[in-house]
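User: Please go through the model shown below with me, one question at a time, and say how each term is defined when it first comes up.

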Amino acid sequence: MIIADIMRTTLIKVRPEAPVGHVLIWYGGMGHIFRNTYVVDERERLLGVVTIHNFLSIIVPPIVNQKAKAGLLNGREELLDALRHNMAAISDTTVGSLMDSDYPFAHPDDLFVMANELIVEKGITALPVIDPNGVLVGEISRRMILHFLVQNL
């Protein structure tokens, strides 16, 4: 079975200059679970990947964690206020400045086991799928592979 038979084609794709604040608003309004935000150029070629982990690491910076652990943020509202303040400070940051431009990828005609191997080896949840021209055409995740296996074994 090849990746093209399993992958999803509905993805979050943004240009590198997109502000983080706008992308996070989209995440808040989505009903589907998206693992990655794909940064593409005007021809839809993959430039890089921003993971949920990347977003969380800038939304909840180490200083907020340190203050919370030290008991300097008393209660839910103080914590949320600190996070809102941080969110305001980072909202204009470009997605391109966060992206990993060396993220692994797969091709639609690769066997799904090749994607599985990369996902396991790299400890990631999903891989972008690009065509021979570098155009982003889909995504394959651990869950999609597991779902395929459970239904077919």
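**Strand β2 and its sheet**

User: How many of the residues of β2 are buried?

Analyst: Strands here are DSSP runs of E with at least two residues, and helices are runs of H or I with at least four, both numbered from the N terminus. A residue is buried under 20% relative accessible area, exposed over 50% and partly exposed in between, with a 1.4 Å probe and protein chains only. By that criterion β2 is mostly covered, and the number of its buried residues is five of five.

User: On what basis were such values computed, and what kind of model is this?

Analyst: Residues are numbered from 1 along each chain as its sequence is written, and side-chain values use heavy atoms, with hydrogens and water left out. Local features need pLDDT of at least 70 and side-chain atom pairs count only at pLDDT 80 or more, whereas totals for chains, interfaces and linings use all residues, since this is a predicted model.

User: Which residues of β2 lie on each of its two faces?

Analyst: In a regular strand the side chains alternate between the two faces of the sheet. In β2 both faces are covered, with Asn36, Tyr38 and Val40 buried on one side, and on the other, likewise buried, Thr37 and Val39.

User: What is the strand order of the sheet, and why is one side of β1 and of β3 left without a neighbour?

Analyst: Two strands count as paired if DSSP finds at least two bridges between them, and on that basis three strands form an open sheet with mixed pairing. Because β1 (12-14) and β3 (46-51) stand at the edges, each has a single partner strand and one side without a neighbour in the sheet. From one strand to the next the twist averages 30°, and the order asked for is β1-β2-β3.

User: In which sense does β2 pair with β1, and in which with β3?

Analyst: Residues 36-40 make up β2, which is joined to β1 by three bridges in the parallel sense; in this pair Ile12 stands opposite Thr37, and Lys13 opposite Tyr38. Tyr38 also stands opposite Val49 in β3. The pairing with β1 is therefore parallel, while the five bridges between β2 and β3 join strands that run antiparallel.

User: Which residue in the β2-β3 hairpin takes a positive phi, and is that residue buried or partly exposed?

Analyst: The hairpin has five residues between its strands, and the residue in question lies in this loop between β2 and β3. Its phi is about 70° although the residue is not a glycine. With a relative accessible area of 25%, the residue is partly exposed, and its name is Glu44.

User: At what angle does α2 run to β3?

Analyst: Axes are lines fitted to C-alpha atoms, for helices over the stretch in contact (heavy atoms within 4.5 Å), and angles run from 0 to 180 degrees between N-to-C directions. Helix α2 (residues 52-59) lies across β2 and β3, and its angle to β3 is about 60°.

**Cores and confidence**

User: Which residues of the largest nonpolar core touch the most other members?

Analyst: A nonpolar core is a set of buried Ala, Val, Leu, Ile, Met, Phe, Trp, Tyr and Cys residues joined through side-chain atoms within 4.5 Å. The largest such core has 21 residues, and those touching the most other members are Ile3, Phe112, Leu127 and Ile140. At least two residues of this core come from each of β2, α5 (112-122), β4 (126-130), β5 (136-141) and α6 (142-152). Apart from it lies another core, of 15 residues, among them Val20, Phe34, Ile58 and Leu98.

User: How far apart in space are Ile3 and Ala115?

Analyst: Ile3 sits in the segment before β1 and counts as buried because its relative accessibility is 0%. Beyond its neighbours within four places in sequence, the contacts of Ile3 include Phe112, Ala115, Val129 and Ile140. Ile3 and Ala115 are 112 residues apart in sequence, yet their C-alpha to C-alpha distance is 7.6 Å.

User: Where is confidence lowest and where is it highest?

Analyst: Confidence is given as pLDDT, the predictor's value for each residue from 0 to 100. The protein has a mean pLDDT of 92, with 97% of its residues at 70 or more. Confidence is lowest in helix α1 (residues 20-29), at a mean of 82, and highest, at 97, in β4.
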